[in-house]
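This report describes one structure for a reader who has not met it before. The sequence and the model are shown first, and the description follows.

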Amino acid sequence: MSKTRIISTEEWESQKICTKRVHEWYASRFPDRSPLACVRTYGCQQNVADSERIKGMLAAMGFGFTEEAAEADLILFNTCAVREHAEDRVFGNVGALKNLKRRRPSLVIGLCGCMVQQEHVAEKLRKSYPFVDLVFGTHVVHRLPELLERVLQGNGRVFERPEEDGVIAEGIPVRRDGGFKAFLPIMYGCNNFCTYCVVPYVRGRERSRDPERIVYDARRLVADGVKEITLLGQNVNSYGRGESHGVDFPALLRRINAIDGDFIIRFMTSHPKDATPALFETIAQCGKVSRHFHLPFQSGSNRVLRLMNRGYTREQYLELIAEARRIVPNIAFTSDVIVGFPGETREDFEQTLDLIRQVGFVSLYTFIFSPRKGTPAETMDDPVPAEEKSAWFQEMTSLQEEIAAQRLAGMVGQRRRVLVESDADGYLEARLPENVIVRTEGDPSAVGHYAIVEITGARSWILSGRLVSIEE
């Protein structure tokens, strides 16, 4: 079990003092305005949730917010380490700030998140990006007031990336980006150590939040008018494992489902080896839990799954799907797939295509293998040329488009209750319980409301519809 450390009251009081001093520092230099922060987020929903807490702390320090780097007094990139492309984007965008820093030396530039928890990234920032003032890792986000104060005191660059089993910091103020949708982290870290994945190394070992605190947060979100809560964890299925409170993920879902109010519960992400019939029964019995299940399978080949250290076989995965559909007949599945894992053969890839045909996913998140420094897969023999992997990738995405088009075509003519999420390009966009987008004409005032839509057409990834009514 990981050695989880709960942030103490004394530590929080120290951060509050730093918060006050940072506020006073900026107020003395900008008496006629608030300092502005530009926070840019890369990566997964957990990073988005982290950025909402970062913004909450910055707001307590007196900051306003801007999307324009040229207007900002503080620029902070919250980074992702899952794929090489994400890292390259961050380095490119940070490099573009060099001239801005030269013109405005008082500008504070910082990076945090998964990417900078890696030593080789931190070393590159030290040597090649001397205009970066602040670098801090995933285990010290709650110490942002202290770290920023150290920068402002003029004592040089601040790099804070401790190697810890992990912390849980409750009570961080949150500035949410959305009014009626919210992310709610329930656990952090990962114990699975898939051979391609850097997450356990940069996020630490699994640690679960106290269930009473989670339910309290969920109640507050509902009271604030939130209509969709997404529970977050690297592997939500293992929530509560090894904890003394004895609440597992199905039990937590039931507690949140029991909260008064009309809202939707979603969750991300699940690991197949920890999905259970008890979880499927909970989904079937809890009316607020979405009938959408994101269950990454990554490969349809048992040989590749062993190389990936995934902990299940294709047969076990297909049995899970069948069991879930028996218990929750209308459940919809999405998944993640990696193409071109080191040593994958055409035969292995064919097995992945076969699994996709058998399951009939609503959608897939597909990736070509990207080696991550420090993971076992980085050093595995990888003889398949990149061009061949790209061809496999295109073949798989074409197959999935055909399957999705058939599934979505079967929804035409249905009337469904949806949550209207956005107004894009003159159309309203809403999300079905199956996690499928439906686009319809309508007034932007419908955003944030439940509505009844009639589905009138389908493509491979999106539905078109007619707005029938809006719930006030």
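Helix H9, made of residues 249-257, lies across strands S12 and S13 and runs at about 155° to S13. The model in which this is seen is a predicted one. A second helix, H8 (residues 211-223), lies across S9 and S12, and its direction is at about 170° to S9.

**The open sheet**

The strands under these helices belong to an open sheet of 3 strands, ordered S9-S12-S13 and paired in parallel. Strand S9 (181-185) and strand S13 (264-268) each have a single partner strand, so they stand at the edges and one side of each has no neighbour in the sheet. From one strand to the next, the twist averages 25°. Strand S12, residues 228-232, is joined to S13 by 5 bridges in the parallel sense. One residue of S13, Met268, is the bridge partner of Leu232.

**Nonpolar cores**

Which residues touch the most other members of the largest nonpolar core? They are Leu231, Ile256 and Phe293, in a core that has 66 residues. Helix H12 (residues 314-327) gives the largest share of this core, with 6 residues. Another core lies apart from it and has 29 residues, including Cys38, Ala69, Ile75 and Val202.

Leu231 falls within the residue range of S12. Leaving out residues up to four places away in sequence, the contacts of Leu231 include Leu184, Ile186 and Val236. Phe249, Leu253 and Ile256 are also among the residues that Leu231 touches, and these three numbers fall in the range of H9. Further contacts of Leu231 are Ile265, Arg266, Phe267 and Met268, whose numbers lie in the range of S13.

**A residue in helix H1**

Thr19 is placed in helix H1, which covers residues 9-29. Is Thr19 buried or exposed? Its relative accessibility is 13%, so Thr19 counts as buried, the cut-off for buried being under 20%. Among residues beyond four places away in sequence, Thr19 touches Ala60, Met61 and Pro145.

**Two helix pairs**

H9 also packs against helix H10 (residues 277-285), at an angle of about 10° and with the axes 9 Å apart. H9 and H10 are therefore roughly parallel to each other, and their crossing is left-handed. On the H9 side the contact is made by Phe249, Pro250, Leu253 and Arg254. These residues meet Ala278, Leu279, Glu281, Thr282 and Gln285 of H10. Two of the H9 residues named here, Phe249 and Leu253, also touch Leu231.

The other pair consists of helix H13 (residues 346-359) and helix H14 (residues 386-409), whose axes come within 10 Å and cross at roughly 15°. That angle makes H13 roughly parallel to H14. The crossing of H13 and H14 is right-handed. H13 contributes Arg346, Phe349, Thr352, Leu353, Ile356 and Arg357 to the contact. The residues they meet in H14 are Trp392, Glu395, Met396, Leu399, Gln400 and Ile403.

**The barrel**

In another part of the chain, 5 strands close into a barrel with the order S17-S18-S19-S21-S20 and mixed pairing. The twist in the barrel averages 55° from one strand to the next. Strands of a sheet pair through backbone hydrogen bonds, in a parallel or an antiparallel sense. Three of the barrel pairings are set out below.

| Strands | Sense | Bridges | Residue pair |
|---|---|---|---|
| S17 (residues 415-424) and S20 (residues 450-458) | antiparallel | 5 bridges | Val418 and Ala451 |
| S17 and S18 (residues 427-431) | antiparallel | 5 bridges | Val420 and Ala430 |
| S18 and S19 (residues 437-440) | antiparallel | 4 bridges | Glu429 and Arg439 |

S17 and S18 form a hairpin with 2 residues between the strands, where Asp425 takes a positive phi near 55°. How many residues lie between the strands in the hairpin of S18 and S19? There are 5, and in this hairpin Asn435 has a positive phi near 75°.

Technical notes
Residues are numbered from 1 along each chain as its sequence is written. This is a predicted model: local features need pLDDT of at least 70, side-chain atom pairs count only at pLDDT 80 or more; totals for chains, interfaces and linings use all residues. Side-chain values use heavy atoms; hydrogens and water are left out. Two strands pair if DSSP finds at least two bridges between them. Axes are lines fitted to C-alpha atoms, for helices over the stretch in contact, and angles run from 0 to 180 degrees between N-to-C directions. Contact means heavy atoms within 4.5 Å. A nonpolar core is a set of buried Ala, Val, Leu, Ile, Met, Phe, Trp, Tyr and Cys residues joined through side-chain atoms within 4.5 Å. Buried means under 20% relative accessible area, exposed over 50%, partly exposed in between (1.4 Å probe, protein chains only). Angles under 35 degrees count as roughly parallel, over 145 as roughly antiparallel, 65 to 115 as roughly perpendicular and the rest as oblique. A crossing is left-handed if the near helix is turned anticlockwise from the far one by less than a right angle, and right-handed if clockwise.
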